[in-house]
Every structure is written in structure tokens, then in C-alpha cells.
Amino acid sequence: MNTVVRFAPSPTGNIHIGNARPALFNWLFALKTGGQFILRFDDTDRARSTEEFAANIVADLAWLGIRPHTSFRQSDRLDRYAAARDDLIAKGRLYPCYETAEELEYGRKRRLARHLPPIYDRAALKLTADDRARLEAEGRQPHWRFLLPNFDSDPLSPSRHLVHWQDLCRGEETVDLASLSDPVLIREDGTYLYTLTSVVDDIDTSVTHIIRGGDHITNTGVQIALFEALGGAVPIFAHHNLLTDATGEGFSKRTGSLSLRNLRAEGYEPEAVASLAVNVGTSHAVEKVGSLAELANDFDLAAVSRSSAKFDPNELKTLNAHIVHGLDFSTVRKRLTDLGIPAHPAFWQAVKGNCMRIADAADWWKLITGPVTPLVDEADRDFLEAARDVLPPEPWTDDSFREWTSALKAKTGRKGRDLFLPLRKALTGLDHGPELAPLLPLIGAKAVRERLSAAVGR
């Protein structure tokens, strides 16, 4: 089997980390199986779909490392959906309904009051041609429902009809079609709903695996029936758990919560975002990776938990820091120069262990190039004056800090924290940060002498 998967966002907003999870799952599955990844824009909502959002989605996926083998838009395939519509009507599987939203809600409440399942009762199947003509003369336009195959001979007497599939994430799954309403495939204004367009597209592009969130499980029985009605091969399904924020809330494109665009702007590494988005909520450890190809090696749909997966920004920060700490200078050189930092391997080596993001290096560069306001305890002024007096001769090397502190220890008797912390606070204005030994040559003798003089006040 030549594996074909798809990711089908609506270009009605920027994709968030919750959308990225199925995108990554499909991409990693394609990588692992040598398959094809299709990007399909579900853009039939013309009022809210924009070219800007579509372009942003392509750019955000590329930042993650996802580059589709092909892409298309549903808005370019309306003729194909019309042909599928006509095919279903000819087969007696699509029928017009004229109830208003208020009438449908009233019928739902009546069924509930009678302790019946709140599903559509197929009353529209009882309408004669004259009935339909009269309703349309009143100005009503029909919506169209797909007749589920959940009956033996009389559609007005549905019975238990089970649809089974082997889910790659969840194992054996079953849906009883008798428990579902016939789904609306076409609205009153003639526009198509996702259920029809998605199945038609999956048939035409020979999609072999549908990997998506667990909120679609109840749709699967309907879609399998629709695949069969349209004469298409039924794909293999995998329904993964949904991604939530740290509090258990879902994400929203409209609010921009944890959008890929924002995560990118905030300086996170795509490998950190991908590793957390994929491995959280699975039996695999969340750990740093160097590429999506590396992540694909251990990717396993069967490892996905049934419970929801929480994407914690604090966990992302920790993971991002681990990745940044392991980056060599050649990898970050351009990004440092883009931040206005001269290409200096020794600087990156000195500060990377204190960077959660590469952009944090700019703060350490400012610390080196000054100005700095020293932090000084009164009891340390004489010690710092002594430190200035025993500064090693220039030029300074990687050994200069050791030579300096050895001489200072011999002169003052200080050691450990009492020796090193006052120096750090005087030279950097901070009580934490990178090791001083590699920083000293970068700061330079002139600046070190000036900072010590400012610290002692004389």
C-alpha cells in the first residue's frame, strides 16, 4: 500500500498547537512509511476564509518542518461535490428536508420528553411531491440529509446496525448507526458541509489513512457509510487524544491561544514544539530531538493514550532550553548576527547554557558590552579593590580568570562563594549567569577595571 495522509485546516485563523498535533501525526506517519502528505484547505466557508490565513498556515507548517507533497483547495472542487450530490440523490441516499431550526429543536425536545433518543425522525421521507412543492412555494429551501443504512427495508423503522473499524490509536471501535441522526450534507443555501466534501476529497486523492482527533470518532461511522455509498475505498482510521492547555482547556484559533505563529515569534525551537506536541499524552518520553525525521523513528500511533494530553508552556520552556544548550555555533551563527551579535564562537559557548531561547543571548551580549550597574555589598568594597589591584596582565586568555582568583584568594583568604559571588555581582550586576572564566576575556581588561572601580567607588 502506498500510504497517503492529509491535513485539512480551515484557513479561518492561524493554526494553534492543538491543530499542529494532527498535522505532525500525519507528517510523521508519512515519513515513517515513505508515504505522501496532502495539505487540503477546507475553505468552503468563504466569509471567514482568507488568503492571508492560508499563507500563514503554509509558513507555520514549514517552520515545523512539514512540507506537503501536494495541496489543493475545496473551493476549486465545487463541480466535483455537485456530481457526488447528484449521485447520492440518484441512489436514493440524499433526501430534501424542510424543517426550520425551531421545528427541529421542538422535535428533539418532544423525543426527549418521551424518553426517546433525540435523533431526526425522517419525517421528510413522508413528504409527497405536492408537499414539497407547497413548502417551496412558501419560500422554504431544503437542506439535504444523507440516509444512513441503519434499517432493513423500511427507513422509518431503523434498527441496530453496527459499524466496526480497527482504530490504530484506540483499537476496536464500534458505532451503532441507529443511534445517529441522518447527517445534513447540504445547507439550505446550497453550500456543502464538511462530511460530504471531506469524503469526496479522500476518495479522489486515494487517502489511505485518516489520522485525526478523538472528537471525530462519532463521525466515523457516518463517513464509512458515505465512503461505501459513493463507491470509495474506506481508509484506515486513527483517532488520537486531544491536546489541551495546562488547565485542561482547549485551544482556539479566534483567540490565538498558543498559535504556532506566536510560538515562533517568541523564539521557541520548532523541534521543541514538535516533540512536546507529539509525545505528550503518549507512552513515549518528551525529550529533545534534532529533527522531525528523528522524531518519526519512534513514532507509534499505538502509544497514544486515551486520556487528553496537556501542553504545558513551562514544559516547553524546559525542553526548549535543553535543545538550545546543545546547539553548536555553526547552527546559530546567522541567528546571532540577525540579533546584532558579532560572530563569536567563544561567546556562544560561554552563554548558551544560560539561554532558554537563542534570543536570550542578546541580553548576555549587552552584559558583556555594557554599561553595567554593579551590585555591591558594603562589606565587599575592600575585597573588590584588592581584586582590581591583582588583575592579571594582558592579553587575557581562558586561564586568566583562574590566575586572577588564585592570586585574590592568596591575598584575601576568601574562597568559594565569598570569593566568586562578589566578583560576579560587580562585573555583571547579577547574582547568577554564565561562568565568569570565559566571560572575562570577552568583557576585556579595560571594562573589568572600570566596573571594579565603579563598584568600590574609588
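## A cavity and its lining

Let's start inside: Phe25, Val278, Asn279, Thr282, His284, Asp298, Phe299, Asp300, Ala303 and Val304 line the largest cavity. Keep in mind that this is a predicted model.

Sorted by class, that lining comes out as 5 nonpolar, 3 polar and 2 charged residues. The space in the largest cavity is about 50 Å³. How many cavities of 30 Å³ or more does the structure hold? Just 1. As for the general idea, rolling a probe the size of a water molecule over the atoms shows where empty space is left.

## Helix α3, end to end

Now for a helix. α3 runs over residues 78-90, and at 1.5 Å a residue its 13 residues should span 18 Å. The C-alpha atoms at its ends sit 18 Å apart, so the expected span and the model agree. After α3 comes Gly92, with a positive phi near 75°.

## Two faces of α3

Which residues of α3 are buried? They are Tyr81, Ala82, Ala84 and Leu88. These residues cover an arc of only 160° around the axis, which means they lie on the same side of α3. The background is simple: an α-helix has 3.6 residues a turn, so residues three or four places apart point the same way.

What do the buried residues of α3 pack against? Their partners are the strands β4 (94-97), β5 (143-146) and β8 (184-186), plus the helices α6 (194-204) and α7 (217-229). Flip to the face turned away from the buried side of α3, and you'll find the exposed residues Asp79 and Ala90.

Notes. Residues numbered from 1 in each chain as written. Predicted model: local features only at pLDDT ≥ 70, side-chain atom pairs only at ≥ 80, totals over all residues. Heavy atoms only, no water. Helix = DSSP H or I, 4+ residues; strand = E, 2+ residues; numbered from the N terminus. Expected span 1.5 Å × (residues − 1). Buried < 20%, exposed > 50% of the residue type's maximum accessible area, 1.4 Å probe, protein only. Arc of directions from axis to C-beta. Contact = heavy atoms within 4.5 Å. 1 Å grid on protein atoms, 1.4 Å probe; cavity = no way out; pocket = protein on both sides within 12 Å on 5 of 7 lines; lining within 4 Å. Points joined across faces, edges and corners; volume = space filled by probe spheres on them. Nonpolar A, V, L, I, M, F, W, Y, C, P; charged D, E, K, R; others polar.
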